[in-house]
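Work through these exercises with the model on screen. Try each task before you read its solution.

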Amino acid sequence: MERGLVERAQRGDRDAFTALAAAAVDRLFAIAVLMLRDRYAAEDAVQEALIRAWRDLPALRDPARVDGWLRRLVVHAAYDEARRGRRHRADLILLPGGPEPAVGDEADAVAERDVLNRAFRRLTVEHRAAIVLRYYLALSVPEVADNLGIPLGTAKSRIHHAERALRAALEADARVPRRSIEPRR
């Protein structure tokens, strides 16, 4: 983001902050939706993060790091939202996929994303945050640690455990329940 815009917003320029927020809101919302799996809770988290940003922006030491700082604010706001346990009507939110499937493959692609969504929902919000930052935003592990405000070793561990939990959830969904076909006597 433009350094001058950040510096103007730090001095209390509301128009500069509005421009700053407008440039970041879609990215922040995408992070919150992927973490919370609920668009209404994600909207609340983004709004809270932007309120915190306006309040705390004068204390930001390095205007060049505003993007990471905003991501950290939305991650923590999403944590708070998840802890409140708000339950809104959950919209179907698909994880971003690869290239668009061919028409004949659409049903399979939707089914695969549905399985992935179910598995992703089973993760804790902390694990979802690690996965979102690492794989959705393609941040390095040190950047994930910085964005989550945790030590590097904790970030590595969180990513590892999130991957294992996601893999286990996917494998559990893949298992077909076995029913006994023994005749009744």
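**Exercise 1. Two helices that meet**

At what angle do the axes of helix α4 (residues 66-84) and helix α7 (residues 141-148) cross? Then classify the angle and list the residues that meet.

Solution. Keep in mind that this is a predicted model.

Step 1. Describe the pair. Two packed helices are described by the angle between their axes and the distance between the axes.

Step 2. Read both values. The axes of α4 and α7 cross at roughly 60° and come within 8 Å.

Step 3. Classify. Angles of 65 to 115 degrees would count as roughly perpendicular, and those under 35 as roughly parallel. The two helices, α4 and α7, are therefore oblique to each other.

Step 4. Find the residues. On the α4 side they are G68, R71, R72, V75, H76 and Y79. On the α7 side they are D146, N147 and L148. Sorted by class, this contact of α4 with α7 has three nonpolar, three polar and three charged residues.

**Exercise 2. The chain as a whole**

How many helices and how many strands does the protein chain have? Add what you can about burial and contacts.

Solution.

Step 1. Count the elements. The protein chain has eight helices and zero strands. Along the sequence, the pattern reads α-α-α-α-α-α-α-α.

Step 2. Look at burial. The protein chain has 185 residues, and 37% of them are buried.

Step 3. Look at contacts. Take the contacts in the protein chain with a separation of 6 or more. Residues 24 or more positions apart account for 68% of these.

**Exercise 3. The nonpolar core**

Which residues have the most contacts inside the largest nonpolar core? Find out which helices supply this core, then follow one of its residues outward.

Solution.

Step 1. Name the residues. The largest nonpolar core has 53 residues. Those with the most contacts inside it are L20, M35, L57, W69, L70, V75 and L148.

Step 2. Trace the helices. At least two residues of this core come from each of α1 (3-10), α2 (14-36), α3 (39-56), α4, α5 (106-121), α6 (125-136), α7 and α8 (152-174). With twelve residues, α2 gives the most to this core.

Step 3. Follow L57. Leave aside its neighbours within four places in sequence. L57 is then in contact with V6, A9, Q10, F17, L20 and W69.

Step 4. Turn to Q10. This residue is in helix α1. Q10 is buried because its relative accessible area is 17%, and buried means under 20%. Beyond its neighbours within four places in sequence, Q10 is in contact with L57, P58, L60 and P63.

**Exercise 4. Salt bridges**

How many salt bridges does a search of the whole structure find? Take three of them and ask where the partners sit.

Solution. The search finds 13 salt bridges. Side chains of opposite charge can pair when their charged atoms come close.

Step 1. Start in α1. The side chains of R3 and E7 form a salt bridge, at 3.1 Å from N to O. R3 and E7 are four residues apart in helix α1, so about one helical turn separates them. R3 is partly exposed, at 43% relative accessible area. E7 is partly exposed too, at 28%.

Step 2. Join two helices. D80 and R52 meet through their side chains in a salt bridge of 2.5 Å, N to O. D80 lies in helix α4 and R52 in helix α3, so this pair ties together parts 28 residues apart in sequence. D80 counts as partly exposed at 25% relative accessibility, whereas R52 counts as buried at 16%.

Step 3. Stay in α4. R84 forms a salt bridge with E81, and their closest N and O atoms are 3.0 Å apart. Both residues, R84 and E81, lie in helix α4, three residues apart, about one turn of the helix. R84 counts as partly exposed at 47% relative accessibility, but E81 is buried at 3%.

Step 4. Look for shared partners. Salt bridges that share partners join E48, R52, D80, R83 and E126 into one network.

**Exercise 5. A loop residue**

Where is G85 found? Say whether G85 is buried, partly exposed or exposed.

Solution.

Step 1. Place the residue. G85 is in the loop between α4 and α5.

Step 2. Judge exposure. G85 has 33% relative accessibility, so this residue counts as partly exposed.

Step 3. Check a distance. G85 and A41 are 44 residues apart along the chain, and their C-alpha atoms are separated by 9.5 Å.

Conventions:
Residues numbered from 1 in each chain as written. Predicted model: local features only at pLDDT ≥ 70, side-chain atom pairs only at ≥ 80, totals over all residues. Heavy atoms only, no water. Axes fitted to C-alpha atoms, helices over the stretch in contact; angles between N-to-C directions. Parallel < 35°, antiparallel > 145°, perpendicular 65-115°, else oblique. Contact = heavy atoms within 4.5 Å. Nonpolar A, V, L, I, M, F, W, Y, C, P; charged D, E, K, R; others polar. Core = buried A, V, L, I, M, F, W, Y, C linked by side-chain atoms within 4.5 Å. Buried < 20%, exposed > 50% of the residue type's maximum accessible area, 1.4 Å probe, protein only. Salt bridge = Lys/Arg side-chain N within 4 Å of Asp/Glu carboxyl O.
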